[in-house]
Every structure is written in structure tokens, then in C-alpha cells.
Amino acid sequence: MKLVVGISGASGAPYARRLLDFLAADGVRHGVEVDLVFTRTGRQIWRQEIGDEPRYPFPSWDDQDFTAPFASGSALYDAMVVVPCSAGALARIAHGVSIDLVGRAADVMLKERRRLVLVLRETPLSLVHARAITQVLEAGAEVLPASPSFYSAPATVDALVDTVVGRVLDRLGLPNDLMKRWEGSAPRAQGPVEEP
Ligand SMILES: Cc1cc2nc3c(=O)[nH]c(=O)nc-3n(C[C@H](O)[C@H](O)[C@H](O)COP(=O)(O)O)c2cc1C
């Protein structure tokens, strides 16, 4: 699988870091080739939230470099994840505004009918956001809000982050055990049926 990971300027760099850590460790085993692109604000927020520069063994593209292979449908990339996805990036994608490489790559994914997963991070949502979400869903993207779950009783922030990143990997069809999966609760004991 040829995969683009786009990182835009929303809070949530730990989600991107966890995904990239997983792909750096296990991506080759799963046959995944990764290309990376940060928006300018995405890189700035990464520094702020992670406290370090991103260092990964993947080709990393400038967000104004439209010579990247995945800026063209002919390069046959399979999927793209935007994580985190800012409301601004969502709006650009919803309207085909390809003024940066994240927007262009997402536009290519939609026109080529490839998998596009947007890990949206914004709250609360306005009607503008809701309409943009509808628009990208209609165009074939998947919107996976950066909305952690608690039913697995995550004990650490990393475990909480994994409840989102595990779902991203599921969307990409990549086997993972990042989160404990729900197996149902034990059925409640039934008392004797009372006669009316
Ligand atoms: C520290 C920080 C946190 C931000 N968090 C969010 C956020 O969670 N969601 C969002 O939509 N925008 C957020 N923004 C605003 C976006 O970064 C801003 O709209 C920017 O234009 C997005 O650019 P991009 O889409 O090119 O990455 C944040 C900005 C800063 C500086």
C-alpha cells in the first residue's frame, strides 16, 4: 500500500506521532510505503505539542512542493490520512482548494476514488464545519473525529491516543492491537421468571 500521511495545524500531534511510530515499526511488515507532508502550522503545532522535531525514515515533502508523486493521480497511491485534520484543511478539501500539498493530495484521492481518512479535530462544530463534513462524506472521504473512547479504561494518555489511532489503522486495513476491542459485557443474570 502506498500511503500519504498529511499533518495539518490542529491540536493532536500525539495522534500523528503514534500513527507514524506504528508505521515506522510495522509498516514494512504490512507492505506499507509512507510519504509524509506537514502543513506549515502542522509542523509548528507538532513542535509545541511534542517538543521535538519529527524524525522518521519516510520521504517528507514541503507543503508547497507539488512535484511530489502523490500530487498526481497517475502515481497510484492507495490511501491518505490527514491526522490531525484542522477545520481549515477540512474546508479546503471539501471545496477542492489545492493551494497546499495536503489539499492537492486529498483532492487526488477523492478524484481517483481512493481511501481518504480525515481525523478532524475541532470543537465545537459550526454549521460551516458540518456542511464541509457532509461535502467530503458525499465525495467519498471518511471522517474519523479525534474523539477518544473510554470503555477500555485507558490508564494513560498514550492509551487514550491509541483508541483513536487504532481506529485509523482499522480504516486502512492494517492489523493492530492498539486498543482493547469491545467484546460485549457479560449478560446480566436472569432471575426466575415470575408467574403473573
Ligand atoms: C496551538 C494551536 C492549536 C490549534 N488547534 C486547532 C484545532 O484543534 N483545530 C483547528 O481546526 N484549528 C486549530 N488551530 C488553528 C489552525 O492551526 C489554523 O486554522 C491554521 O490555518 C490551519 O492551517 P492548516 O490547515 O494549513 O494546517 C490551532 C492553532 C494553533 C496555533
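Which backbone nitrogen lies 2.9 Å from a polar atom of the side chain of Ser86? That of Ala89. Keep in mind throughout that this is a predicted model. Here are my notes, starting with the whole chain and coming back to Ser86 after that.

1. **The chain overall.** I get six helices and six strands. Reading from the N terminus, the order is β-α-β-α-β-β-α-α-β-α-β-α. The C-alpha atoms fit a box of roughly 75 × 35 × 30 Å along the principal axes. Of the 196 residues, 44% are buried. If you look at contacts between residues at least 6 apart in sequence, 74% of them join residues at least 24 apart. The accessible surface is about 10,600 Å², with 51% of that belonging to carbon and sulfur atoms.

2. **Ser86.** This residue sits in the loop between β4 and α3. Ser86 has a relative accessible area of 11%, so it counts as buried, the cut-off being under 20%. Leaving aside residues up to four places away in sequence, Ser86 touches Ser8, Gly9, Ala10 and Leu120. Add the polar contact to the backbone nitrogen of Ala89, at 2.9 Å, and you have the protein side of its surroundings.

3. **The ligand.** Ser86 also faces the ligand: an N or O atom in its side chain is 2.6 Å from a ligand oxygen. Thr39 does likewise, with a polar side-chain atom 2.6 Å from an oxygen atom of the ligand. Ala89 joins in through its backbone, where a polar atom is 3.5 Å from a ligand oxygen. On its own the ligand has 640 Å² of accessible area, and the protein covers 67% of that. The elements giving two or more residues to the shell are α2 (40–50) and α3. There are 14 residues around the ligand, and the ones that come nearest are Gly9, Thr39, Ser86, Ala87 and Arg121.

4. **Helix α3.** Two names from the ligand site turn up again here: the buried residues of α3 are Ala87, Ala89, Leu90, Ile93 and Ala94. Around the helix axis they cover an arc of only 160 degrees, which puts them on the same side of α3. Their packing partners are β4 (79–85), α4 (101–111), β5 and α5. After the helix comes Gly96, with a positive phi near 65 degrees.

5. **Helix α5, the buried face.** This helix covers residues 127–139, 13 in total, and spans 18 Å from first C-alpha to last, close to the 18 Å expected at 1.5 Å a residue. Its buried residues are His129, Ala132, Ile133 and Val136. Seen down the axis they fall within an arc of 105 degrees, so they line one face of the helix. The general rule behind this is that an α-helix has 3.6 residues a turn, so residues three or four places apart point the same way. Cover for this face includes α3 (87–94), β5 (115–120) and β6 (142–143).

6. **Helix α5, the other face and the ends.** Turned away from the buried side are the exposed residues Leu127, Arg131 and Glu138. At the start of α5, a side-chain oxygen of Ser126 reaches to within 3.2 Å of the backbone nitrogen of Val128. At the other end, Gly140 follows the helix with a positive phi, near 110 degrees.

7. **Cis peptide bonds.** Have a look at these when you go through the backbone. One joins Val83 and Pro84, with omega about -10 degrees, and Pro84 is in strand β4. Another joins Thr123 and Pro124, also with omega about -10 degrees. Pro124 is in the loop between β5 and α5.

8. **Positive phi outside glycine.** Arg113 has a phi of about 55 degrees although it is not a glycine. It lies in the loop between α4 and β5. With 69% relative accessibility, Arg113 is exposed, because the cut-off is over 50%. Ala153 is another such case, with phi near 55 degrees, and its place is the loop between β6 and α6 (157–171). Ala153 is exposed too, at a relative accessible area of 60%.

Methods:
Residues are numbered from 1 along each chain as its sequence is written. This is a predicted model: local features need pLDDT of at least 70, side-chain atom pairs count only at pLDDT 80 or more; totals for chains, interfaces and linings use all residues. Side-chain values use heavy atoms; hydrogens and water are left out. Helices (H or I, at least four residues) and strands (E, at least two) are DSSP runs, numbered from the N terminus. The expected span of a helix is 1.5 Å times one less than its number of residues. Buried means under 20% relative accessible area, exposed over 50%, partly exposed in between (1.4 Å probe, protein chains only). The arc is that of the directions from the helix axis to the C-beta atoms. Contact means heavy atoms within 4.5 Å. A polar contact is a pair of N or O atoms within 3.5 Å; within protein, one must be able to donate a hydrogen and the other to accept it, and residues adjacent in sequence count only if both atoms are side-chain atoms. A residue is near a molecule or strand if one of its heavy atoms lies within 4 Å of it. Accessible areas come from the Shrake-Rupley method with a 1.4 Å probe; for residues, only the protein chains shown count as cover.
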